[in-house]
Amino acid sequence: MNKEILFLEPVFKQMIWGGNKLRTDFGYDIPGDNTGECWAISSHPNGDCIVSEGAYKGMHLSELWNKHRELFGNAEGDRFPLLIKIIDAKQDLSIQVHPDDEYAKVHENGSLGKTECWYVLDCEENTSIVIGHNAKDKQELEAMIHGERWGEFIREVPVHKGDFFQINPGCLHAIKGGTLILETQQNSDITYRVYDYDRLQNGKPRELHVRQSIDIIKVPFEAYEGERRVVREENIIIEKLVDCNYYAVDKIDVFGKAVMEQNHKFVNVSVIDGNGSINGIKIYKGRHFTIPAEYGIIELDGKMSFIASYI
Ligand code: ZN
């Protein structure tokens with residue numbers, strides 16, 4: 001088994017709400033000035049990342065998952081379980097909700113549901129984010145949605161750089177314009193749009209999924225009360241952002257030489273700031289990679305920040 005770090009080529013997606021920060025902030029060669037998403041670590045058929053160097057150069061992440069499961073600690077499942085994105089919202093994203101595994105399996109052709117979480121990389125002043133709603137029961141929820149009482153219905157909270165949000169299935173949510181986010185999610189692309197601000201794409205409104213949304217939105221809304229736990233070791237601070245059924249996510253800050261051990265099935269890493277090296281290999285902001293199973297000791301050097309995820 002070849003235990004080398006799997007560096008991945010991101011896939012970019014243009015979106016009606018996207019901007020150009022993936023170029024101006026991250027230095028990527030993006031396809032246009034409305035690039036909304038960078039699929040950084042993904043094996044999803046809508047954006048399957050390619051390994052950019054080493055023994056597996058040119059192979060898709062999905063192919064590695066299928067043919068070299070040992071790299072992922074022989075983890076179970078018919079697909080790589082996570083999807084890591086950077087999202088540049090120049091404008092507001094639609095108000096949406098995702099199903100859980102059970103609902104998606106029945107209604108979406110065996111797809112996985114979607115639990116996701118957001119680490120706010122940056123945002124403009126006075127930006128907010130939509131998390132939850134104000135309906136007290138299912139009846140009021142339906143009345144508010146059918147009556148298009150959006151101002152009353154939608155719950156908005158202020159957002160700041162470094163904030164973290166866990167979005168469980170059934171939680172109404174939307175990223176608003178002026179926000180740059182790193183998203184860690186289950187490997188699924190199932191989104192139900194409740195409201196899209198009556199916007200047009202190529203002259204037509206995007207499809208809404210009002211019935212499915214009403215089916216799955218949890219009423220009343222309950223805020224996620226996770227705790228951010230901090231672990232300090234020499235030249236490194238590890239902040240545990242979440243540990244749920246589908247993933248654990250850490251924010252890691254490195255200041256000089258630091259040592260970690262890879263003792264998970266695999267670890268996805270996104271460099272979100274600074275630069276340095278990992279076991280002598282140069283890394284810098286915007287690099288994304290997966291550290292395979294049984295990799296062992298990781299030697300870091302530099303001043304840099306990561307978001308890391310594992311199962
Ligand atoms: Zn979402």
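Let's start with Y28, which is buried, with a relative accessible area of 11%; "buried" here means under 20% relative accessible area, "exposed" is over 50%, and partly exposed is in between (1.4 Å probe, protein chains only). Before going on, know that this is a predicted model, where local features need pLDDT of at least 70, side-chain atom pairs count only at pLDDT 80 or more, and totals for chains, interfaces and linings use all residues. Residues are numbered from 1 along each chain as its sequence is written, and side-chain values use heavy atoms, with hydrogens and water left out.

Y28 has a ring partner, F26, also buried, with a relative accessible area of 8%. Their ring centres are 5.8 Å apart and their planes sit at 5°, so the pair is stacked. The rule is that rings of Phe, Tyr and Trp (its six-membered ring) pair if their centres lie within 6.5 Å; planes under 30 degrees apart count as stacked, over 60 as edge-to-face and the rest as tilted. F26 has another visitor: K285 lies over its face, at 4.8 Å from the ring centre. K13 does this to W39, at 4.6 Å. For a charge to sit over a ring, NZ of Lys or CZ of Arg must be within 6 Å of the ring centre and within 35 degrees of the ring normal.

A search of the whole structure finds 13 aromatic pairs. In one of them, F72 and F266 have ring centres 5.7 Å apart and planes at 85°, so this pair is edge-to-face. F72 is in the loop between α2 and β7, while F266 is in the loop between β18 (248-262) and β19 (267-278), 194 residues apart. Helices (H or I, at least four residues) and strands (E, at least two) are DSSP runs, numbered from the N terminus. Both F72 and F266 are buried, and ring pairs link them with W65 and F80 into a cluster.

F72 also turns up in the largest nonpolar core, which has 36 residues; L64, F72, F80, I86 and L121 touch the most other members. Such a core is a set of buried Ala, Val, Leu, Ile, Met, Phe, Trp, Tyr and Cys residues joined through side-chain atoms within 4.5 Å. Among the elements giving two or more residues to this core are β1, α2 (61-67) and β9 (116-123). A second, separate core of 22 residues includes I5, V271, Y295 and Y310.

Now look at strand β1, home of L8. L8 is buried, with a relative accessible area of 2%. Leaving aside neighbours within four places in sequence, L8 is in contact (heavy atoms within 4.5 Å) with residues including A40, I50, L61 and T290. What does β1 pair with? Two bridges join β1 (residues 6-9) to the antiparallel β21 (residues 288-291), where L6 has T290 as its bridge partner. β1 also pairs in the antiparallel sense with β6 (residues 50-51) over two bridges, and there E9 is partnered by I50. Two strands count as paired if DSSP finds at least two bridges between them.

Finally, find the zinc ion, coordinated by Q96 (OE1), H98 (NE2), E116 (OE), E116 (OE) and H173 (NE2), at 2.0 to 2.7 Å. Q96 in strand β8 (residues 95-97) and H173 in strand β13 (residues 173-175) are 77 residues apart. Donors are N, O and S atoms within 2.8 Å of the metal (3.2 Å for Na, K and Ca); water is not among the atoms, so sites may look incomplete. Q96 and H173 are both buried.
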